[in-house]
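Below is a short set of questions and answers on one protein chain. Please keep the sequence and the 3D view open as you read.

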Amino acid sequence: MSTEQGFIGRTFGDRDDVILTLLDNMIWPILAVVILGVLVFVPQTLRNVQAIRLVLWAAVPIGLLVLAESLCLLSGHFDLSIGSIAGFSAMFTGMILGTCPSCWGVTTSPWAGFGIILVTGALIGLVNGIMIAKVGLNPFLQTLAFLIIFEGGKTAMQTQPVTGLPRLYVDVGGTPEFAIAVLLFAFLVFGLLMRFTTFGQAVYALGSSEKSAREVGIDTERLIIVVYTISGLLAAIAGLMLTGFVGVVPPLIGEGLVFQAFAGAVIGGISLFGGRGKITGALGGVVLIQLVQSALNNSPAVGATQIQMVNGFVLLAAILLYSTQAKLRARILASGAV
């Protein structure tokens, strides 16, 4: 009898382990289903290598923002300002480099431009981190304030596209193969950092319990500042890639991307409450979000004025999916089988 119970226990325990693994990696079967649906209903989206390359190229800016948001979420925080940081950094640097009539024309050096846009994004992220970690502001209120401030600052600088940018500066994001390589490299680096370094383990510990992280000797304030600084830096790189993808700095650059970033991270399995999720899953979320966006753009059944509404439904679906996953996971763990 005891042998039979042990066999049943092992069987059900293994089953629960399998279910938990599937829940943690559900992005991949979902992505497979979406790819199949796109091939059936909007085949022109993936009709050849060039079309696939375009989808991946368009995914680069949002992918970097998803990576930034994922890092914040894993630490138990979030950043509503990543889209505005991307847009403001790109606009500010564009005004310095551009030769349009209203541009400042300070320099035309692309290398100076690279430095300026990266430093701008990192500094904004640093201030975000200091205000949250040292001053004690709520992450929602702090990053919401910066979202409004820097979107307004971007509009105050320029309401027309910024043109006349240095060729090399634009080519970084304007060369599909290089831009895609940057995205994959960024995910590879942070995937390895989060899995194999003390920094990654500290971020997971912070996201699981800030109090417990402090008790084991982690400088949580410093870590929060570092996380938000990196988030701002990644957002600035996204702004650089957006500039290259479009070829100019449009006045609405970066607006609305934070919601897609949240959706990509959540669909990719990153917990909204911190401490759980994989960077590789977030990459799957990036591909899924951009694939849906590209399919909508190519679909004759969806008008241009309806795309934003459909994107809202995609975000809602991501939230519902996350809620269902969290409930199933909690139910399995509460059963005591694992």
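Q: Which residues lie nearest the centre of the largest pocket?
A: The model is predicted. In it, 36 residues line the largest pocket. Those nearest its centre are Leu257, Gln260, Gln290, Gln293 and Asn297.

Q: Which elements give two or more residues to the lining of the largest pocket?
A: Helices supply the lining here. The elements that give two or more residues are α3, α11 (220-246), α12 (257-267), α13 (279-298) and α14 (307-334).

Q: What is the volume of the largest pocket, and how does its lining divide by class?
A: The volume is about 930 Å³. By class, the lining has 19 nonpolar, 15 polar and two charged residues.

Q: Is Gln260 buried or exposed?
A: Gln260 is found in helix α12 and is among the residues nearest the centre of the largest pocket. Its relative accessibility is 17%. The cut-off for buried is under 20%. Gln260 therefore counts as buried.

Q: Which residues does Gln260 touch, not counting those up to four places away in sequence?
A: One of its contacts, Gln293, is also among the residues nearest the centre of the largest pocket. The full set of contacts is Ile62, Val66, Ile289, Gln293 and Asn311.

Q: What is the volume of the second largest pocket?
A: Of the 14 residues that line the second largest pocket, Gly191, Arg195, Lys278, Ile279 and Thr280 are the closest to its centre. Its volume is about 280 Å³.

Q: Which element gives the largest share of the lining of the second largest pocket?
A: Two elements give two or more residues to this lining, α8 (176-196) and α13. By class, the lining divides into nine nonpolar, three polar and two charged residues. The largest share, eight residues, comes from α8.

Q: Is Leu67 buried or exposed?
A: Leu67 has its place in helix α3. Its contacts, not counting residues up to four places away in sequence, are Ala186, Phe187, Phe190, Leu234 and Ile279. Its relative accessibility is 1%, and the cut-off for buried is under 20%. Leu67 therefore counts as buried.

Q: What separates the C-alpha atoms of Leu67 and Ala261?
A: Along the chain, Leu67 and Ala261 are 194 residues apart. In space, their C-alpha atoms are separated by 8.1 Å.

Q: How many aromatic pairs are there, and what geometry do Phe78 and Phe140 have?
A: The count comes to nine aromatic pairs. Phe78 and Phe140 form one, with 6.4 Å centre to centre and 65° between the planes. Planes over 60 degrees apart count as edge-to-face. The Phe78 and Phe140 pair is therefore edge-to-face.

Q: Why does the pair of Phe78 and Phe140 tie together parts that are apart in sequence?
A: Phe78 lies in the loop between α3 (49-74) and α4 (82-97), while Phe140 lies in helix α6 (residues 139-157). Phe78 is partly exposed at 23% relative accessibility, and Phe140 is partly exposed at 39%. The pair ties together parts because its two rings sit in that loop and that helix, and the distance in sequence is 62 residues.

Q: Which of Trp111 and Phe114 is buried, and which is exposed?
A: Both lie in helix α5 (residues 110-133), three residues apart, about one turn of the helix. Their ring centres are 5.4 Å apart and their planes are at 80°, so the pair is edge-to-face. Relative accessible area is 13% for Phe114 and 63% for Trp111. The buried residue is Phe114, and the exposed one is Trp111.

Q: Which residues do ring pairs link into a cluster?
A: Five names belong to this cluster. They are Phe88, Phe92, Trp104, Phe146 and Phe150.

Q: How far apart in space are Val119 and Thr229, C-alpha to C-alpha?
A: Val119 lies in helix α5 and counts as partly exposed at 47% relative accessibility. Val119 and Thr229 are 110 residues apart in sequence. In space, C-alpha to C-alpha, the distance is 10.0 Å.

Q: Where in the protein is confidence lowest?
A: The mean pLDDT is 90, and 95% of residues reach 70 or more. Confidence is highest in α5, at 98. Over residues 1-12, pLDDT stays under 50, and the model has zero contacts there beyond four places in sequence. Where pLDDT is low, the predicted coordinates should not be read in detail. Confidence is lowest, at a mean of 60, in helix α1 (residues 2-24).

Notes:
Residues numbered from 1 in each chain as written. Predicted model: local features only at pLDDT ≥ 70, side-chain atom pairs only at ≥ 80, totals over all residues. Heavy atoms only, no water. Phe/Tyr/Trp six-rings, centres within 6.5 Å; stacked < 30°, edge-to-face > 60°. Helix = DSSP H or I, 4+ residues; strand = E, 2+ residues; numbered from the N terminus. Buried < 20%, exposed > 50% of the residue type's maximum accessible area, 1.4 Å probe, protein only. 1 Å grid on protein atoms, 1.4 Å probe; cavity = no way out; pocket = protein on both sides within 12 Å on 5 of 7 lines; lining within 4 Å. Points joined across faces, edges and corners; volume = space filled by probe spheres on them. Nonpolar A, V, L, I, M, F, W, Y, C, P; charged D, E, K, R; others polar. Contact = heavy atoms within 4.5 Å. pLDDT = per-residue confidence, 0-100.
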